[in-house]
Amino acid sequence: MQFYLDGYAPGDPDILAPAPGAEARSAALPAACDVLIVGAGPAGMLLAAQLSTFPCISTRLVERREGPLQVGQADGVACRTVEMFDAFGLSAKLMRESYWVNETVFWRPSQDDPSKIARTGRVQDTEDGLSEFPHLIVNQARLLMYLQEYAARSPTRFAPNFGTEFVGLTVERDGEHPVVVTVKDVATGEQKVVRAKYVVGCDGARSGVREAIGAKPQGDFANHAWGVVDMLAVTDFPDIRLKAAIQSKTEGNILLIPREGGYLARLYVDMGEIDPNNREAFRQHTQETVIATAQRVLKPYTLDVRSVAWFAVYQVGQRVTDRFDDVGDKTDRTPRVFISGDACHTHSAKAGQGMNVSMQDAYNLGWKLAAVLEGRAKPDLLRTYTTERYAVAQRLIDFDKEWSKIMASPPKDPAHPERGGVDPAELQAYFTMSGRYTAGVATLYPAQTFLTAPATHQALAKGFTIGMRFHSAQVVRLADAKPMQLGHAARADGAWRLYAFADGGGQKLRALMTFLAKSDRSPVKRYTPEDANIDSVIDVRAIFQQGHRDLKVDELPPMLLPRKGKFGLIDYEKVFTSDVKNGPDIFVLRGIDRANGALLIVRPDQHVANVLPLDAHDELATFFERFLVAQA
């Protein structure tokens, strides 16, 4: 963490200096803003937190609830989401408070007495080396509070407008703020018009913004009901503090998720088929009937529920909206209205993907909006949001259909194979196979847009797959000998990263640094505003093969010791080395070509956009010319 760049200031360094006028801003909605977000769920709050970092962008969020969420809803936080939260400086807080999912156990009817369940398997929840962060469980209300607190400490001193309901919108052809939004005060019924440059609907499965732009959810319901209960209970079930997939012979299935705090647990309880001609019948299931079903599934173990923190019943709907913005395939203008999260895709909760994928939607969109609004990127950049995230949503639905089918199926009876069902070994094998997907690290943006390059030079860095998230690894920071994860150098600040892995002799890396510092084609020179820090648009980092004691800080190229801030202070945190003492060596671990080195272009959302040779100066310049705007 870096601070004091523009002078010493006492107090909490996480509370950033306010932008001019931020603290005097009215709590009431303004007549116009840059971005209006509808909905304070995971997608909306993450987008608000991301945009709150930019002092020159005015962002407002409306939410019909009277205040922040207090209890219930999603709870699973995938490894990739924790990586993302680290870019906001929130990973340590998240890990301290949450439950860590270390192992998953599997239960099915006992072979000796099928009326009772018995443990049949136990697996590690996520494979070794998948991420430096674990799979976590923390309730959605807490996670949203982290983001709201982050936004409140940001330069814009952002705060949501609760108790304000979205009514409708229209998009005009011209004007600085072409999206005309009508909202309503929930308490008084008074309506107000707010004009915006962009609107993002994060308003859930029944999205009003989605309806306003004519986008259509496509898909169907799975005709299956589930009950969810967060409880404090006394039980002799031995795996109450482990994630557990439980199949009974006749009473249905349970997915058990231990919760944070050491005592709370969540049960997803299979309540059986839904009559497609009477879909609302599932609402007849009460808290008592769901708990009673769970008690029957868990036999011979007892479950004495002492307190219920939250309860819900739902039917599984697996749908993807046909487009995620207001233009679709039209080419006469760029998008002005977007949807994100459950407004785009709905599915079951049992794979723990809803909140995670929703926030990744917002993370994909936020940096693009900021780049366009600040004049750093061309508006066509915004077209890539639907292209990239629609494919992710469709894959999510395909996965959820298979996972929900398996979770809702009875165990296979060897004596009656004609009755179907799922073999416990099949369930366990599918869980293991899908581990990378459920951890959130399997997202691949193919070369469908100018943001993801073909894999022409992938062999130079085999462990950094183009289109996938930047997979962090251990390094040592040269200036202060600090062992750390390389990926943790990234912040949610909208900047691109260039990670230059040095060649054997280091000549190519030094030539690259000279090009970036002096050439008229240097993307750092071309796209950085004159009054901005040199790393504000493209942040250059270098990783050397030697140990940190074998290099001298004062012999580094000037590009790697940039001067920043009003005092022209030197940033000493741009250079890293292999961790030759503790290992593993990042060059070996990520398959970096030792002789030639490699240059990684990494997007602001931490996905690898390209791998290039260190001397591919023209290719580097051409990559950014396609979408960035040269600065005077």
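A residue is called partly exposed when its relative accessible area falls between the buried class, under 20%, and the exposed class, over 50%. Keep that in mind for the opening stop of this tour, which runs through a predicted model.

Select Ala-233, which sits in strand S12, spanning residues 217-235. Its relative accessibility is 28%, and therefore Ala-233 counts as partly exposed. Next, display Leu-303, Asp-304, Val-305 and Arg-306, with which Ala-233 is in contact once its neighbours within four places in sequence are left aside. Add Tyr-263 to the selection: although 30 residues separate Tyr-263 from Ala-233 in sequence, their C-alpha atoms are 7.9 Å apart in space.

Now move to residues 445-631, a range that an unreviewed UniProt entry annotates as "domain: Phenol hydroxylase-like C-terminal dimerisation". Across residues 445-631 the chain is 16% helix and 20% strand, with 28 Å between the end C-alpha atoms.

Colour the seven strands of the open sheet, following the order S20-S19-S25-S22-S21-S26-S27, in which the pairing is mixed. At the edges you will find strand S20 (482-485) and strand S27 (608-612), each of which pairs on one side only. From one strand to the next, the twist averages 30°.

Within this sheet, zoom in on strand S21 (residues 496-501) and strand S22 (residues 538-544), which run parallel and are joined by six bridges. Picking Tyr-499 leads across to Arg-541, its bridge partner in S22. Finally, show helix H11 (residues 507-518), which packs on the sheet and touches S21, S22 and strand S26 (598-602), while its direction makes about 150° with that of S21.

Methods:
Residues are numbered from 1 along each chain as its sequence is written. This is a predicted model: local features need pLDDT of at least 70, side-chain atom pairs count only at pLDDT 80 or more; totals for chains, interfaces and linings use all residues. Side-chain values use heavy atoms; hydrogens and water are left out. Helices (H or I, at least four residues) and strands (E, at least two) are DSSP runs, numbered from the N terminus. Buried means under 20% relative accessible area, exposed over 50%, partly exposed in between (1.4 Å probe, protein chains only). Contact means heavy atoms within 4.5 Å. UniProt positions are given in the numbering used here, feature names are shortened, and annotations may be inferred rather than shown by experiment. Two strands pair if DSSP finds at least two bridges between them. Axes are lines fitted to C-alpha atoms, for helices over the stretch in contact, and angles run from 0 to 180 degrees between N-to-C directions.
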